[in-house]
Structures are given as C-alpha cells and as structure tokens.
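Welcome! Here is a short briefing to help you find your way around a structure you have not met before. Have a look at it first, and then read on.

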Amino acid sequence: MFLAVSVLCGVLTAGLLVPAAAVSASGGTQLVELFEELPGELERGPLDAPSKIYSADGKLIASFYAENREPVALDEVSQHMQDAIIAIEDIRFYEHNGVDVQGLARAAVNNMSGGDLQGASTITMQYVNNVLIDAGVDAGKTAEELTISGTKSVADKVREAKLAITVEREYSKDEILQGYLNIVLFNGQTYGVEAAAQTFFGIPAKELDIAQSAMLAGMVQSPNYFDPVTNPEVTKERRDMVLAAMLKYGKISQAEYDEAKASELDLDLQPAKSGCTAAAMADYFCSYVEQLVLQSEAFGENATERARLLARGGLKIVTTLDSKLQAEAQEQIEKQVPMGDESGAGSAMVSVQPGTGRILAMAQNTNYSPEQGEANTELNFNVDAAMGGTPYGFQPGSTMKPFTTVAWLESGRALNQVIDASRTYYPEGYDWEASCAPKNTVFSQWDFKNALPGYARPMTVSDGLRWSVNSATAAQAAMLDLCDIQDAATRMGVHRAVDGEPLDASTPSFILGGQEVSPLTMAASYATFAAEGEYCEPRALLEVTDAQGNSYELPGEECSQAISPEVAAAISIPLGKLIEDRPGNIEPIGVPAAAKTGTTDLSEQTWTVGYTKGISTASWVGTWQAYSSLNYVPINGVVRSFVDGSSVAGAQWTGYMRAVAEDYETGDFGDVPRSMLYP
C-alpha cells in the first residue's frame with residue numbers, strides 16, 4: 001500500500017495531475033499522513049435508477065429519470081463488452097489491488113518525457129470516483145461542487161486511491177466490474193451499459209457484439225466528444241482503437257478484428273425520454289399519477305424530495321389503468337374530435353370502476369406538452385385544477401339533475417309522482433329553502449328555459465329526468481331544501497373543480513349544472529348508482545416499490561355508503577330509459593346501461609355520463625380556450641345547428657362503452673320498492 005502511495009506521489013510530482021509545487025508544498029510525509037487520515041470505507045448508496053409507471057396489466061406508461069440507467073447483473077452483459085472495457089481502460093484489472101503501480105509508473109515516465117498526457121486511474125478508482133459523484137448528486141451538490149476529472153486535488157486523488165484499495169478488499173473483481181458498468185456515464189443522460197445498449201443499438205447489453213461493445217467502451221473516456229450521433233467519425237476512430245487493444249491483449253482474433261473494424265457503426269437509435277411528455281400511452285393519466293406522487297407525504301417531506309425520488313429512486317409504480325380500455329377511449333375520442341381539429345374543441349373521457357374507484361382509462365384529444373400548438377397542452381381536461389386540470393373545470397349542465405332526484409327520493413317522495421313543470425321563472429327573493437346558506441340570503445331572479453318547447457307542463461319526476469326538462473328539476477328543488485340536494489351530491493363525491501369545495505347551495509342554478517366540475521368527479525359520482533349506492537374515491541395507485549423492493553404505504557379503497565341501494569336502483573330507471581330512447585348518437589350498447597346528457601345554454605360544454613354495472617364513464621366535448629358555442633362549428637368536418645350532449649360526446653361514449661362493457665361486470669341495477677315508484 002505504501003509503495004502504491006509512493007508511486008502515486010511521484011506521479012503527482014511529475015505533473016501528471018497537478019503542478020509539482022503542490023506536492024512540494026505538502027511534502028511526501030504529509031501525503032502519507034493524509035492517506036492514513038482519509039476515510040477507509042466507500043459508502044455505496046443505491047444507484048440512481050429510472051422510476052417507471054405501469055398499467056394494471058403490466059404495460060409501461062412512462063419513465064422518469066435524471067439519469068437513464070437500468071442496473072443489470074454482470075452475467076447480463078456480453079463478454080465482448082467486459083473484454084472491451086478492460087482492454088481499453090484497465091488491462092491489469094484482474095491483477096492489481098485497486099491501484100495499478102505499473103500503470104502509474106508508465107504514465108509518469110510518459111508524461112515526464114513529454115508524451116501525451118496519460119492518466120492512471122484503474123477501473124476500481126473510476127468506480128470509486130463515480131460513486132462519490134453519484135453520492136454528491138443525491139446530496140444535492142451542484143456541478144461546481146462535485147470533484148470530477150480535471151478538478152481533482154492531490155487529496156482527492158489520494159482519497160480515491162485509498163478507497164479503491166478498500167473496495168478491492170471488500171468486493172470481488174466481478175462485483176466491482178458490475179458496479180462500474182452500471183454506474184459509468186456513456187452519453188448525455190445515459191448511464192450504465194444496459195441503458196447505453198438500448199439507446200444506441202436497441203438491444204440488451206447481453207447481446208452486444210464485438211464492434212458494438214468496442215464503440216461503447218470507447219465512449220466512457222469522453223462521453224460528449226465520442227458521441228456517435230454528433231461525432232460519428234471520431235467515435236469510429238475511437239472504436240477502432242478499442243478493437244486494436246482487444247486484439248493486442250488477446251480478447252479477439254485477427255479475423256474478428258478485421259470484420260469489426262470494417263463495419264460501420266450501424267446505430268439503431270432508441271433514445272429514452274423522461275416524463276409524461278414521452279409517455280408510451282395515457283400521457284394525461286401519467287400526469288395525474290405524477291401529481292399524486294408529488295403531492296403525497298408518503299414519498300417525501302416536501303415536493304423537492306418527492307421529485308428527486310421520482311427522478312432517481314427507481315420506483316415501480318403500478319396503477320389501476322387498463323391498457324385495453326385506454327386504447328379504446330383514445331381511439332373513440334380521436335374518431336369524433338381529432339387532435340388539432342379546426343373546431344378547436346376539446347374532448348375527454350374517463351372511466352372509473354364502480355365499487356373500487358379504480359381509474360380504468362383517462363384520455364383526451366391533445367398531446368401532453370408544454371410546447372405551444374393547437375393540439376398541445378399540459379392541462380388535463382379530466383381532473384380538478386389542483387391535479388393539473390383547467391383553472392375552473394367545466395359546467396356539467398343537466399348531468400347534475402340526478403342529484404336532485406336522489407334528494408327527492410330520500411325525502412320520501414316517489415319517482416312517478418306528478419309535478420307541475422310549467423314554471424321557468426323564479427323572481428328575486430323567492431322563498432327557496434336552503435338551511436345551509438348564510439342567514440338573510442336573498443336569492444337572485446332566476447330565469448331559464450327548457451331545451452325544447454312544449455315541456456313546461458305537468459309530468460312525472462321520472463319523465464322529467466328522462467327527458468331532461470329543466471323546469472321539472474326546478475319544480476322538484478322548489479319542494480326540497482337546496483342543501484339536501486347539495487348534501488346528496490357531496491356524499492357522492494361531487495365538488496367544484498376550482499377548489500375542491502362542495503357546490504354552493506345559495507345559488508339555485510347549481511341544480512342545473514351552473515358550477516364547474518371535472519369529468520373524473522362525474523364518472524366517480526355516477527359509479528355510485530352502479531355500485532348500489534356505494535361511493536368510492538377515485539384511485540390510481542395500486543402498488544409502489546423502490547429499487548430495493550421496499551413498498552410505500554398507499555391509501556386503499558376509500559368507499560362509503562353514500563345513498564341506499566334502492567335509491568341508486570331507482571335513479572337507473574329513467575337514466576336507462578334515456579338510452580332506450582336513442583337520443584342523438586346515443587344507442588343501447590348490448591348490456592344494461594344508464595346515462596344522462598348535459599348541455600350548457602350556448603352549447604359551450606356538452607356531456608354524456610353513464611354506466612354499466614362494471615364501468616362508469618364521463619364523456620365531455622367542449623371549448624376550453626375561449627368559451628364559445630359549438631353550434632355551426634365544423635367538428636371533424638360536420639356542422640350541426642345544435643350540439644348537445646347526445647351529439648359528439650354521446651357518440652364517443654356509445655362507441656367506447658359498446659366496445660369495453662363486457663370486459664367488466666354487467667347486470668341489472670337492482671330492484672326498486674313500490675313505495676319509491678308510486679306515491
């Protein structure tokens with residue numbers, strides 16, 4: 001060990017790494033003392049590794065990384081690659097004890113004789129240096145604070161040597177080589193041989209041939225300079241230098257050398273991309289999952305820690321997404337409102353599993369991207385503002401009406417009770433009952449109209465909901481406490497998209513959809529009807545483990561009995577008849593189903609929200625940049641004088657649900673007692 005240090009000091013004195021004056025100032029004795037005082041153990045934390053998000057059926061959605069790395073065992077690296085890196089970087093790797101005395105002496109003689117500057121770092125020393133840098137990065141050090149090649153002091157080099165000797169005592173040569181091949185930088189954000197093989201050749205490291213191995217081994221000396229994409233000629237020259245070293249040291253035959261040298265680089269670039277902008281599918285669901293991680297204390301004390309964990313922690317995030325449903329949802333959306341459609345309309349669809357809250361699909365007709373463009377946005381149309389959605393959400397129109405009927409049934413009234421739906425005007429100061437509203441609340445004048453003439457007349461509550469008659473819902477509300485309607489909606493998960501607060505019951509128009517919500521909220525609330533009155537919070541995460549296999553504690557299914565099974569079944573009667581009526585582009589889907597449409601006054605926002613026993617889906621089509629009517633606007637080339645919820649949103653809901661319904665539970669929605677049907 002002392003001999004190694006003595007030679008190292010001689011090399012330093014010769015000016016290999018620092019000016020001779022630096023060594024003269026400290027003196028050989030002080031260097032030895034420094035060596036003895038330096039730490040003797042290398043603290044090896046887990047390597048940075050990409051975090052990956054998967055669907056429930058095992059399909060990769062996206063990767064997140066600061067360093068693109070895929071650690072592998074040494075037996076998963078081709079022998080050619082192992083031979084190439086040893087031949088060019090450290091031919092005596094299996095002979096020295098961490099510091100190559102012979103290599104140090106050679107480099108010193110060469111440098112003192114005026115030859116090209118040579119280093120003498122062994123693979124073990126390089127591994128130590130990479131581990132120290134990796135630990136510094138994990139600790140949040142900047143590039144200026146890290147000790148890298150070209151910035152090392154005498155003390156840095158001596159510390160590296162001592163740690164290398166210690167590492168050689170604690171680990172086998174194969175373990176050190178494996179660690180080195182997994183940690184070393186190859187290019188840009190590509191670290192480790194597996195990621196490099198996949199990036200430049202589209203193959204695993206175990207399949208690398210001689211020429212491919214030589215190219216990658218040559219890159220580690222100067223990853224940015226020896227870049228086969230930007231500097232192919234010098235990269236090829238460097239590759240051939242590695243091949244020559246492999247031939248010289250008996251790693252390959254003359255014939256193998258000749259064949260490999262005659263070959264081109266033959267790249268098959270498969271550049272990995274990080275984050276949701278590069279998602280293989282479900283880019284907005286990816287964004288939703290990212291927000292769940294960044295906002296959860298389970299993954300760190302603050303957002304900075306959580307972001308670092310996501311980029312460096314090697315998390316395996318298994319989600320609730322069903323890749324088949326996701327693909328079908330995306331296809332149906334783009335079939336109706338293609339990306340970049342001249343209408344400028346947005347389109348979104350999200351599915352939730354009744355009884356579990358699992359989010360099965362989340363799609364929209366834009367690309368998740370910060371770049372400006374007609375089809376690009378980072379706004380997730382399906383979710384609340386706090387989770388990356390639009391600032392306010394969208395008015396749901398008549399899809400809010402079932403909650404008034406829930407409160408109606410809970411008050412002891414019947415579905416087929418006849419009400420007077422002739423009134424479309426309520427004056428200022430009308431005596432609405434709203435027990436939860438501030439005292440002395442004065443209600444403003446409320447004037448509205450029905451979508452079609454001739455419906456302002458007596459009818460049953462069931463028909464009023466089935467035909468979506470505004471005056472019928474208002475007549476029901478006038479006989480109820482508005483806060484009971486608000487309470488029913490809140491129990492079923494309905495809240496404002498802008499702030500997550502319950503709907504404001506001091507404004508009666510909320511019963512007709514006057515306050516903005518998100519599609520995910522509506523899909524989850526309607527799932528309550530399919531699940532016999534049980535509401536479940538939307539859920540996207542099934543399991544999260546780190547690179548060492550440790551599991552993170554996640555919330556399980558959070559469900560509650562929001563309404564009775566009988567009320568849930570009763571609501572499904574008029575909503576089921578709506579589908580049987582075949583309004584617009586809504587049609588029966590082959591299994592029991594129920595749905596409700598919604599349209600704002602000027603057709604700025606249109607909805608179909610409906611369910612089977614196993615899937616609840618909200619389909620939305622509307623404007624999201626400048627709120628304007630969809631009427632007389634060419635949507636996918638088709639101009640309609642009136643666009644309502646059964647038009648485009650209804651078409652994509654029908655096409656999607658017909659394709660996927662039988663993948664999940666189907667069946668009827670239960671029996672309804674006669675007392676709920678008839679007064």
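Please keep in mind that this is a predicted model. The tour below visits an open sheet of four strands, another open sheet of five strands, a pair of helices that cross at roughly 105 degrees and the second largest pocket, which holds about 1,100 Å³ of space. Strand S17 is a good landmark, since S17 is an edge strand of the five-stranded sheet and also gives the most to the lining of that pocket.

**The four-stranded sheet**

- Reading across this open sheet, the strands come in the order S2-S1-S5-S15, and their pairing is mixed.
- At the edges you will find strand S2 (60–64) and strand S15 (541–545), each of which pairs on one side only.
- From one strand to the next, the twist averages 15 degrees.
- Helix H13 (residues 283–294) packs on this sheet and touches S1, S2, strand S5 (316–319) and S15. The direction of H13 makes about 50 degrees with that of S2.

**How its strands pair**

- As general background, strands of a sheet pair through backbone hydrogen bonds, and they do so either parallel or antiparallel.
- Strand S1 (residues 51–54) joins S2 in the antiparallel sense, over four bridges. Here Tyr54 stands opposite Leu60 in S2.
- On the pairing of S1 with S5, the sense is parallel and there are three bridges. Ile53 has Ile317 in S5 as its bridge partner.
- S5 and S15 pair in the antiparallel sense, over four bridges. Look for Val318, whose bridge partner in S15 is Glu543.

**The five-stranded sheet**

- This open sheet runs in the order S7-S6-S19-S18-S17, with antiparallel pairing.
- Its edge strands are strand S7 (359–364) and S17, and each pairs on one side only.
- On average, neighbouring strands of this sheet are turned by 10 degrees against each other, direction ignored.
- Six bridges link S17 with strand S18 (residues 605–611), which pair in the antiparallel sense. In this pairing, Gly598 stands opposite Trp607 in S18.
- Helix H15 (residues 323–336) packs on the sheet and touches strand S6 (346–352) and S7. The direction of H15 makes about 25 degrees with that of S7.

**Two crossing helices**

- Helix H20 (residues 519–530) and helix H21 (residues 565–580) have axes that come within 7 Å and cross at roughly 105 degrees.
- How does that crossing count: roughly parallel or roughly perpendicular? Angles of 65 to 115 degrees count as roughly perpendicular, so H20 and H21 are roughly perpendicular to each other.
- On the H20 side, Tyr526, Thr528 and Phe529 meet Ala568, Ile571, Ser572 and Leu575 in H21.
- The residues of this contact divide into five nonpolar, two polar and no charged.

**The second largest pocket**

- About 1,100 Å³ of space lies in this pocket, and 42 residues line it.
- Closest to the centre of the pocket are Ser398, Ala451, Ser468, Asn470 and Thr599.
- By type, the lining residues divide into 15 nonpolar, 17 polar and ten charged.
- Which strands each supply at least two residues of the lining? They are strand S12 (446–447) and strand S17 (594–599).
- S17 gives the most to the lining, with four residues.

Notes: Residues are numbered from 1 along each chain as its sequence is written. This is a predicted model: local features need pLDDT of at least 70, side-chain atom pairs count only at pLDDT 80 or more; totals for chains, interfaces and linings use all residues. Side-chain values use heavy atoms; hydrogens and water are left out. Two strands pair if DSSP finds at least two bridges between them. Axes are lines fitted to C-alpha atoms, for helices over the stretch in contact, and angles run from 0 to 180 degrees between N-to-C directions. Contact means heavy atoms within 4.5 Å. Angles under 35 degrees count as roughly parallel, over 145 as roughly antiparallel, 65 to 115 as roughly perpendicular and the rest as oblique. Ala, Val, Leu, Ile, Met, Phe, Trp, Tyr, Cys and Pro count as nonpolar, Asp, Glu, Lys and Arg as charged, and the others, Gly among them, as polar. On a 1 Å grid over the protein atoms alone, a cavity is a set of points where a 1.4 Å probe fits but cannot get out, and a pocket is an open set with protein on both sides within 12 Å along at least five of seven lines; lining residues have an atom within 4 Å of a point. Grid points are joined across faces, edges and corners, and a volume is the space filled by probe spheres set on the points.
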